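Work through the exercises below with the sequence and the model in view. Try each task before reading its solution.

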Amino acid sequence: MSLEIMKKKVDLKKIEANIAELNYKIEERKEDIKRMQDHIILQDERMSKIKLELEGSN
């Protein structure tokens, strides 16, 4: 096998690894976004509760 062919095979493996890493990062970010969305829901619930308490104290 020529050196040039081996180099191209190594380049392909590097590209595959880069794609795999990017796909992994995408999944990580999806999880981060889900956590943020959950946090927004909790904050909205907390805000509603406080608003009700304030309305009740008037």
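Buried means under 20% relative accessible area, exposed over 50%, and partly exposed in between (1.4 Å probe, protein chains only). The model is predicted: local features need pLDDT of at least 70, side-chain atom pairs count only at pLDDT 80 or more, and totals for chains, interfaces and linings use all residues. Residues are numbered from 1 along each chain as its sequence is written, and side-chain values use heavy atoms, with hydrogens and water left out.

**Exercise 1. Describe the fold and its spread.**

Step 1. Count the elements. The protein has one helix and zero strands; these are DSSP runs numbered from the N terminus (helices H or I, at least four residues; strands E, at least two).

Step 2. Check the spread. The radius of gyration is 25 Å, well over the 10 Å from the globule rule for 58 residues, so the protein is more spread out than a compact globule. That radius is taken over C-alpha atoms, and the rule is 2.2 Å times the number of residues to the power 0.38.

Step 3. Read the axes. The C-alpha trace spans about 85 × 10 × 5 Å along its principal axes.

Step 4. Look for a buried part. Of the 58 residues, 0% count as buried.

**Exercise 2. Find the salt bridges and place their partners.**

Step 1. Set the criterion. A salt bridge is a side-chain nitrogen of Lys or Arg within 4 Å of a carboxyl oxygen of Asp or Glu. The structure holds six.

Step 2. Take lysine 7 and aspartate 11. Their closest N and O atoms are 3.5 Å apart. Both lie in helix 1, four residues apart, about one turn of the helix. Lysine 7 is partly exposed because its relative accessibility is 48%; aspartate 11, at 30%, is partly exposed.

Step 3. Take lysine 13 and glutamate 16. Their bridge is 3.9 Å, N to O. The two residues sit three apart in helix 1, about one turn. Lysine 13 counts as exposed because it reaches 57%, while glutamate 16 is partly exposed at 46%.

Step 4. Take glutamate 27 and lysine 30. The N to O distance is 3.2 Å. They too lie in helix 1, three residues apart. Glutamate 27 has a relative accessible area of 42%, so it is partly exposed.

**Exercise 3. Place isoleucine 5.**

Step 1. Locate the residue. Isoleucine 5 lies in helix 1, residues 3–56.

Step 2. Classify it. Isoleucine 5 is partly exposed because its relative accessibility is 43%.
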